[in-house]
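I opened this structure to see how its strands and helices fit together. These are my notes, in the order I looked things up.

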Amino acid sequence: MAEELKLHRTWSSPFGLRIVWALHIKGIEYDTIFEDLSQKSPELLQYNPIHKKIPVLVHKGKPICESLVILEYIDETWKEAPLLPQDPYEKAMARFWAKFGEEKLLPSIWSVFTGQGEEKKEALGPAVQNLELLEEQLKEKDYFGGERIGYLDLVFGWLGYLHDVFEEVIDLKLFDAGKFPLLSAWMKNFYDAPVIKQHWPPRDKLVTKFQVLHEKYQTANAPK
């Protein structure tokens with residue numbers, strides 16, 4: 001199967017990691033092509049001419065783009081160890097919260113990361129409110145998927161390793177474990193799960209990467 005399945009990603013992208021985790025959970029062999037986004041490969045531009053972004057999963061020569069779309073494709077193509085709920089309503093709710101993560105939670109935390117001064121403090125409020133909404137979804141659950149890791153856990157998996165990297169880089173507390181005990185427990189369970197843990201990027205490299213990125217945003221947004 002490895003010769004039929006290729007994943008274009010970067011070493012650090014949380015969106016690419018979603019696909020790595022999903023394929024590993026299902027026991028699917030694949031080849032990895034690491035992309036340099038400062039010099040995108042002709043293959044990446046060919047496979048994703050619209051957005052020119054990773055991840056791209058190429059299955060039997062056919063490209064699938066966008067991480068949430070790829071997760072569903074994987075789940076429908078390889079039925080073992082299902083990621084999405086089987087119940088139609090629960091499946092719809094999983095998709096709803098995935099959309100919430102992409103359109104509400106991630107942008108709100110990114111606004112804190114990229115903001116300056118009062119702007120950063122103002123951005124913290126919406127980010128905390130979104131985390132509160134997410135906390136509610138973990139009541140009486142070990143994982144968003146229930147008793148085992150599922151689709152939503154992969155969607156929100158970036159929280160398990162990037163939140164404290166962001167906190168270190170911007171020197172601001174984003175996440176209070178006392179305020180979010182369920183999310184805190186989930187993060188630990190998810191981070192330490194063997195199927196997940198073996199794929200985490202090196203933390204020191206992540207800190208360096210986001211320090212450089214943060215400095216660029218601060219310089220770009222500085223008063224002229």
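**Strand S3.** I started with the side chains of S3. Val56 and Val58 point one way from the strand, and Leu57 and His59 point the other way. I checked burial for these four, and all are buried. I note here that the model is predicted.

**Partners of S3.** Next I looked up what S3 pairs with. S3 covers residues 56–59 and is joined to S4 by 4 bridges. The two strands run antiparallel. His59 of S3 stands opposite Lys62 in S4. I then turned to S1, which is also joined to S3 by 4 bridges. S1 and S3 run antiparallel too. In this pair, Leu7 stands opposite Leu57 in S3.

**The whole sheet.** In what order do the strands of the sheet come? I read it as S2-S1-S3-S4, with 4 strands in an open sheet. The pairing is mixed. I marked S2 (31–34) and S4 (62–65) as the edge strands, since each pairs on one side only. From one strand to the next, the twist averages 20 degrees.

**The S3–S4 hairpin.** I followed the chain from S3 into S4. The hairpin has 2 residues between the strands. Lys60 lies in this loop. Its phi is positive, about 55 degrees, although Lys60 is not a glycine. Is Lys60 buried or exposed? With a relative accessibility of 58%, Lys60 counts as exposed, because the cut-off for exposed is over 50%. I went on to Lys62, which is found in strand S4. Lys62 is exposed as well, with a relative accessible area of 61%. I also took a distance from Lys62 to Leu84. They are 22 residues apart in sequence and 23 Å apart in space, C-alpha to C-alpha.

**Before S3.** I went back to the loop between helix H2 (42–47) and S3, where Pro55 has its place. The peptide bond from Ile54 to Pro55 is cis. Its omega is near 0 degrees.

**Thr10 and helix H1.** I moved to the other end of S1. Thr10 sits in the loop between S1 and H1. Thr10 is buried, because its relative accessible area of 8% is under the 20% cut-off. What does the side chain of Thr10 reach? I found the backbone nitrogen of Ser13, at 3.2 Å. Leaving out residues up to four places away in sequence, Thr10 touches Phe34, Glu35, Leu37 and Ile54. After the loop I traced H1, residues 14–25. H1 lies across S1 (5–9) and S3, and runs at about 150 degrees to S1.

**A second positive phi.** I then looked at Ala81, in the loop between helix H3 (67–77) and helix H4 (88–114). Phi of Ala81 is near 50 degrees, a positive value in a residue other than glycine. Ala81 is partly exposed, with a relative accessible area of 28%.

**H5 against H8.** Helices came next. H5 covers residues 117–136, and its axis is 8 Å from that of H8. The packing angle is about 75 degrees. That makes H5 roughly perpendicular to H8, because angles of 65 to 115 degrees count as such. From H5, Leu131, Leu134 and Glu135 meet Pro181, Leu182 and Leu183 of H8. By class I logged 5 nonpolar, no polar and 1 charged residues in this contact.

**Ser184.** I stopped at Ser184, in helix H8. Ser184 is partly exposed, with a relative accessible area of 24%. I compared its place with that of Glu135. The two are 49 residues apart in sequence but 9.1 Å apart in space, C-alpha to C-alpha. Setting aside residues up to four places away in sequence, Ser184 touches Phe175 and Ala177.

**H7 against H8.** My last entry is on H7 (residues 159–170) and H8 (residues 181–192). Their axes come within 9 Å and cross at roughly 115 degrees. H7 and H8 are therefore roughly perpendicular to each other. Which residues of H7 meet H8? I listed Leu159, Gly160, Tyr161 and His163, set against Trp186, Met187 and Tyr191 in H8. The contact of H7 with H8 divides into 5 nonpolar, 2 polar and no charged residues.

Conventions. Residues numbered from 1 in each chain as written. Predicted model: local features only at pLDDT ≥ 70, side-chain atom pairs only at ≥ 80, totals over all residues. Heavy atoms only, no water. Axes fitted to C-alpha atoms, helices over the stretch in contact; angles between N-to-C directions. Parallel < 35°, antiparallel > 145°, perpendicular 65-115°, else oblique. Contact = heavy atoms within 4.5 Å. Nonpolar A, V, L, I, M, F, W, Y, C, P; charged D, E, K, R; others polar. Pairing = 2+ DSSP bridges. Buried < 20%, exposed > 50% of the residue type's maximum accessible area, 1.4 Å probe, protein only. Polar contact = N/O pair within 3.5 Å; in protein donor to acceptor, adjacent residues only side chain to side chain.
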